[in-house]
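Q: Please take a close look at one part of this model and explain how its pieces sit against each other. I would like one connected account that starts with burial and ends with the sheet.

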Amino acid sequence: MELTVSCLTQADRKILDYIRSNPEGFLFSSIGQLARQLGVCEATVSRFVRHVGCKDFKELKQLVLRQSAGEGPAAKMARTLSDAGEFTLAGWMAQQQQYLEKTLTGLDEAAFSAAVQEIVSARRVFIHAKSASAALGQLLFFRLRRLGIDTILLPSGGSEVAEGLAQAGRGDLVILFSFSKVSQEGRLILEYRHQAGYRTLAFTSRRAAPEEDQGEINLYVYRGDPRAYHTMTAPAAVVDALAVALSQQMGAESARRLSRLHQLKGLYR
């Protein structure tokens, strides 16, 4: 189905011109917002929707999305809003529950257990995370340091990544967040492991990735439709799950290290 100008009223043409010249603005608008923006009534917009062959405003948005080639952040957010209809907190939370369930279905328990063992037995743990994943890297860094695990947070980009990675060697573990694709820095981490001898743990949103994009251990997380807004709900849950599982694995040593931290904070106060 294509948006055409045949048999359209003057008001219809005004709406159509706006959609064609500002598709992202249209996709982020409700029917009321669009009507106010163009100085028409909502009934006029509703008639336009029917004139172009759509049953409702949501279907019109989906039509515009299909005809849009954009796959940037704005297009992804618009697609998420279109799929969800009117945003509600309850609806959003329900969607995140679905993402957690999909993560649980796709995440191999054996891989999770192996990740815990790798972290516990590593001489040092290096973490690389960039862009939106940087917050996850900081969270994991904080959790591991609280347990007394020698953890180093690598810079997100630039030559400083190589300078930090040059310190990693046999007995170390490098954790990276690669999700749907491996960054240039991630590629360096995965390639250099063969020379340096460290092992790698990758967070990924791909159930089947090429061998060169995989770590020795891979933890699957579901973040939503590849073309829509990607949330960090499931990755953050898995990061916290690792921290709890590590505490159990370390047993009394975990309790001792956490107690020492608590005593030190008491002295600071």
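A: A residue counts as buried when its relative accessible area is under 20%, as exposed when that area is over 50%, and as partly exposed in between. The model described here is predicted.

Cysteine 54 has a relative accessibility of 4%, so this residue is buried. Cysteine 41 has a relative accessible area of 41%, and therefore falls in the partly exposed class. A disulfide is a covalent bond between the sulfur atoms of two cysteines. The structure contains zero disulfides.

Next come the helices. Helix 3 covers residues 31-38 and helix 4 covers residues 42-51. Their axes come within 8 Å and cross at roughly 110°. Angles of 65 to 115 degrees count as roughly perpendicular, so helix 3 and helix 4 are roughly perpendicular to each other. On the helix 3 side, the contact involves Ile31, Gly32, Leu34 and Ala35. On the helix 4 side, the residues that meet them are Glu42, Val45 and Ser46. Sorted by type, the residues of this contact are four nonpolar, two polar and one charged.

Helix 4 also holds threonine 44. With a relative accessible area of 12%, threonine 44 falls under the 20% limit and is therefore buried. Leaving aside residues up to four places away in sequence, threonine 44 touches Ala11, Asp12 and Ile15.

The last part is the sheet. It is an open sheet of five strands, in the order 2-1-3-4-5, with parallel pairing. Strand 2 (151-153) and strand 5 (217-220) stand at the edges. Each of these two has a single partner strand, so one side of each has no neighbour in the sheet. From one strand to the next, the twist averages 20°.

Within the sheet, strand 1 (residues 125-128) pairs with strand 3 (residues 173-179) in the parallel sense, over four bridges. In this pairing, phenylalanine 126 stands opposite valine 174 of strand 3. Helix 8 (residues 109-121) packs on the sheet. The strands that helix 8 touches are strand 1, strand 3, strand 4 (199-204) and strand 5. The direction of helix 8 makes about 125° with that of strand 5.

Methods: Residues numbered from 1 in each chain as written. Predicted model: local features only at pLDDT ≥ 70, side-chain atom pairs only at ≥ 80, totals over all residues. Heavy atoms only, no water. Axes fitted to C-alpha atoms, helices over the stretch in contact; angles between N-to-C directions. Parallel < 35°, antiparallel > 145°, perpendicular 65-115°, else oblique. Contact = heavy atoms within 4.5 Å. Nonpolar A, V, L, I, M, F, W, Y, C, P; charged D, E, K, R; others polar. Buried < 20%, exposed > 50% of the residue type's maximum accessible area, 1.4 Å probe, protein only. Disulfide = S-S within 2.5 Å. Pairing = 2+ DSSP bridges.
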